[in-house]
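Me: Please take a close look at one part of this model, the pleated framework and what lies against it. A connected account would be welcome, with each term explained where it enters.

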Amino acid sequence: MKNLRGMTYEDILQEVTALGAKPYRAEQIFTWIYKRGQTDIDAMTDVSKAFRELLKAGFFIAAVDCAAVRRSPDGTAKFATRLEDGLLIESVLIPDADRLTLCVSSQAGCALGCKFCATGMNGFIRNLTLAELTGQVFAAQGLLEEGARITNAVMMGMGEPLLNYDNVIHFTGILTDAKGFGLSHNKVTISTAGIVPGIERLAREAGVNLAVSINAATDEVRGRIMPVNNKYPL
């Protein structure tokens, strides 16, 4: 069984075409999953019952397990999502006067070992899948008050996004698709500790913002607190 919440539009298009359906079915399914947040294939009312039965034979829409939430007086909400293998990852909803930003994790753990980062001290476990990236959005949406919506997204949580490049780029595509989560490209930011090949790919392939974690004014100091600087110096 394949999780539809871990698929891009192109993935869904390939699957429905293989099932003998017209291409417009992919757009319908993509919209139900990401824009409408549907978890029940039978609720896709503009898809024929016969095709819904075909979908249910090979696909499912995974629920998201929001394991814990901590709220601050200023409205910030840090929440933990439990993954299928039992790992926990953190995400954060950050309110401001005119925006609501979701901070997303890209990995379980991190291999970069920055001296000031608790995630890095725990080491690297694995990259998050596309379903686990989109799952953080659905978990966050489940915490929102009525009428509230996420306006911005930043890849500044656990892990180094540019070391999980393909999944992160597919995720930003769903974030900014009008049939998906519908965020503006200039409201999405990928933060990196300085993975230069990933920065170069990002410049060529994505229309989202880039943030670079500097943390020191010299190579000598940055190299002491951020080992990545020894490979990709200032």
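Reply: Helices (H or I, at least four residues) and strands (E, at least two) are DSSP runs, numbered from the N terminus. The model is a predicted one, in which local features need pLDDT of at least 70 and side-chain atom pairs count only at pLDDT 80 or more, while totals for chains, interfaces and linings use all residues. Residues are numbered from 1 along each chain as its sequence is written, and side-chain values use heavy atoms, with hydrogens and water left out.

The framework is an open sheet of seven strands in the order 3-4-5-6-9-10-11, with mixed pairing (two strands pair if DSSP finds at least two bridges between them). At its edges are strand 3 (65-71) and strand 11 (209-212), each of which pairs on one side only. On average, neighbouring strands of this sheet are turned by 20 degrees against each other, direction ignored. The axes behind such angles are lines fitted to C-alpha atoms, for helices over the stretch in contact, and the angles run from 0 to 180 degrees between N-to-C directions. Helix 6 packs on the sheet, where it touches strand 9 and strand 10, and its direction makes about 160 degrees with that of strand 10.

Consider next the antiparallel part. Strand 4 (residues 77-82) and strand 5 (residues 88-95) run antiparallel and are joined by six bridges, with Phe79 opposite Ser91 of strand 5. These two strands form a hairpin with five residues between them, and Gly86 in the turn has a positive phi of about 95 degrees. A second hairpin, through four residues, leads from strand 5 to strand 6. That pair is antiparallel as well, with four bridges, and Ile94 stands opposite Thr101 in strand 6.

Thr101 also leads into the parallel part, for its bridge partner in strand 9 is Asn152. Strand 6 (residues 100-103) and strand 9 run parallel and are joined by three bridges. On its other pairing, strand 9 meets strand 10 (residues 188-192) in the parallel sense, again over three bridges, and Val154 has Thr189 of strand 10 as its bridge partner. Strand 9, helix 6 (residues 165-176) and strand 10 together make a right-handed β-α-β unit; right-handed here means that, with the strands pointing away from the viewer, the path from the first strand over the helix to the second runs clockwise.

The side chains of strand 9 (residues 152-155) alternate: Asn152 and Val154 point one way, Ala153 and Met155 the other, and all are buried (under 20% relative accessible area, with exposed meaning over 50% and partly exposed in between, for a 1.4 Å probe and protein chains only). Met155 is also one of the contacts of Ser106, where contact means heavy atoms within 4.5 Å. Ser106 lies in the loop between strand 6 and strand 7 (107-109) and is buried, at a relative accessible area of 1%. Neighbours within four places in sequence aside, the residues that Ser106 touches include Asn127, Leu128, Leu133, Met158, Gly159, Glu160, Pro161, Asn164 and Val168.

Leu93 belongs to the largest nonpolar core, of 61 residues, in which Leu93 and Ile29 touch the most other members. Such a core is a set of buried Ala, Val, Leu, Ile, Met, Phe, Trp, Tyr and Cys residues joined through side-chain atoms within 4.5 Å. With neighbours within four places in sequence left aside, Leu93 is in contact with residues including Ala77, Phe79, Leu100, Thr101 and Leu102, and also with Ala140, Leu143, Leu144 and Ile150.

What of covalent links between cysteines? The count comes to zero disulfides, a disulfide being a pair of cysteine sulfur atoms within 2.5 Å. Cys66, partly exposed at 29%, forms none because its sulfur is 15 Å from the closest cysteine sulfur, that of Cys103. Cys110, buried at 8% relative accessibility, is likewise without a bond because the closest cysteine sulfur, in Cys117, is 6.1 Å away.

Beyond edge strand 11, the loop between that strand and helix 8 holds Asn215, a residue other than glycine with a positive phi near 70 degrees. Asn215 is partly exposed, with a relative accessible area of 46%. Helix 8 (residues 219-225) contains Val221, which is partly exposed at 29%. From Val221 to Asp42 the C-alpha to C-alpha distance is 57 Å, across a sequence separation of 179 residues.
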